[in-house]
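New to this one? Have a look at the chain below, then read on for a quick tour of its surface and its charged pairs.

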Amino acid sequence: MAVPVIRPLGVLAPPDPEVARLKRRVTLASLAVALTLVALKLGASVMTGSVSILSSLVDSVSDSGASLVTLIAVRQAMRPADAHHRFGHGKAEPLAALGQALFVTGSALLLCVEAVRRLITPEPVGEGPIGIAVMIFAIVATLLLVRYQDRVIARTQSLAVGADRLHYVGDLLINLGVILSILLSQYGGVTEADPVIAALIALHLIRGAWKIARGALDALMDRELPEAERAEIRKIVLAVPGVRGMHDLRTRSSSVHTFIQLHLELDAAAPLADAHGVADRVETLLHARYPDAEVITHLDPKGVAEFVPTFR
């Protein structure tokens, strides 16, 4: 394995071209799938009059908007740092994810209103076979897209693509629910099944939107990395020869880049060149574990003065 080159202080690594290519491709694929399903579900909704198909159509429309926003945000986030954005443009991704959550919530609330109206004034569902055929096609297309998104997320850890994936995983349950509602309504005579399942779909969308919003807000509010990763950072740092301790570890992620700041405790009598070499080895190992990270270390002499850290 090649040893990473230590970057100058304050200079972010340029976005990985392969990661950028994967993100662009998966966002284009999700937008294409969403637009195709919108067209098919619109036709099925008009022909069947099913409110559950309408709910699935609303979801696909929100997916289209979300995928378009994700496409734009990913392109913006992958731009390298510049003189006006020294920390890069990575927060475009959580901003897009938060916008997705708000859009989905609004769509789900409108769907609840329509479901209640259909419960009060039931309407029959027609052309069941057409609706079922469209839903089966939607399930197959969505499964293929989700599998592709899984591979991209494993490689890129993209928050925006992860939020987009959550939409489509929910779509699988939604489409199965629509098929069930058509079978119960048209062939079982249970007219209430259509609006009830539509309402359940709306509640599922709201729950998914909350998960997306929570992850996006964590990134926008600079939440610390998970404790397991912080513990791994400490383990890496303390294993470097010459390091006598560390404190004031601060971390955050912008989805595209990870930021790690810490104070190294070194021998007070160590020559400056030796202390600098220890810091270089720490940064090299952290860059090996977090290739997209900006690592900033501050050197403190061990035992010279009492230091009470704010965070550990």
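## A greasy spot on the outside

Which residues form a nonpolar patch on the surface? In this predicted model, the patch is made up of Val 116, Leu 119, Ile 120, Val 196, Leu 200 and Leu 203. Together they offer about 560 Å² of accessible area.

Two helices feed this patch: α3 (92-120) and α6 (193-220) each supply at least two of its residues. Take Ile 120, which sits in helix α3. Its relative accessibility is 64%, so Ile 120 counts as exposed.

## A bridge between two helices

Now for the charges. Searching the whole structure turns up eight salt bridges. One of them pairs the side chains of Asp 150 and Arg 165, at 2.3 Å from N to O. Asp 150 belongs to helix α4 (residues 128-156) and Arg 165 to helix α5 (residues 159-187), so this pair ties together parts that are 15 residues apart in sequence.

How open are the two partners? Asp 150 is partly exposed, at 33% relative accessible area, and Arg 165 is partly exposed too, at 26%.

## A small web of charges

Further along, Arg 230 and Glu 224 meet in a salt bridge (2.6 Å, N to O). Here Arg 230 is buried, with 6% relative accessibility, while Glu 224 is partly exposed at 33%.

Arg 234 and Glu 227 make a salt bridge as well, at 3.0 Å from N to O. Arg 234 is partly exposed at 21%, and Glu 227 is partly exposed at 49%. Through salt bridges with shared partners, Glu 224, Glu 227, Arg 230 and Arg 234 are joined into one network.

Notes:
Residues numbered from 1 in each chain as written. Predicted model: local features only at pLDDT ≥ 70, side-chain atom pairs only at ≥ 80, totals over all residues. Heavy atoms only, no water. Patch = residues over 30% accessible without salt bridge, like charges linked within 9 Å, V, L, I, M, F, W, Y side chains within 5 Å. Areas by Shrake-Rupley, 256 points an atom, 1.4 Å probe, with all protein chains shown as cover. Salt bridge = Lys/Arg side-chain N within 4 Å of Asp/Glu carboxyl O. Helix = DSSP H or I, 4+ residues; strand = E, 2+ residues; numbered from the N terminus. Buried < 20%, exposed > 50% of the residue type's maximum accessible area, 1.4 Å probe, protein only.
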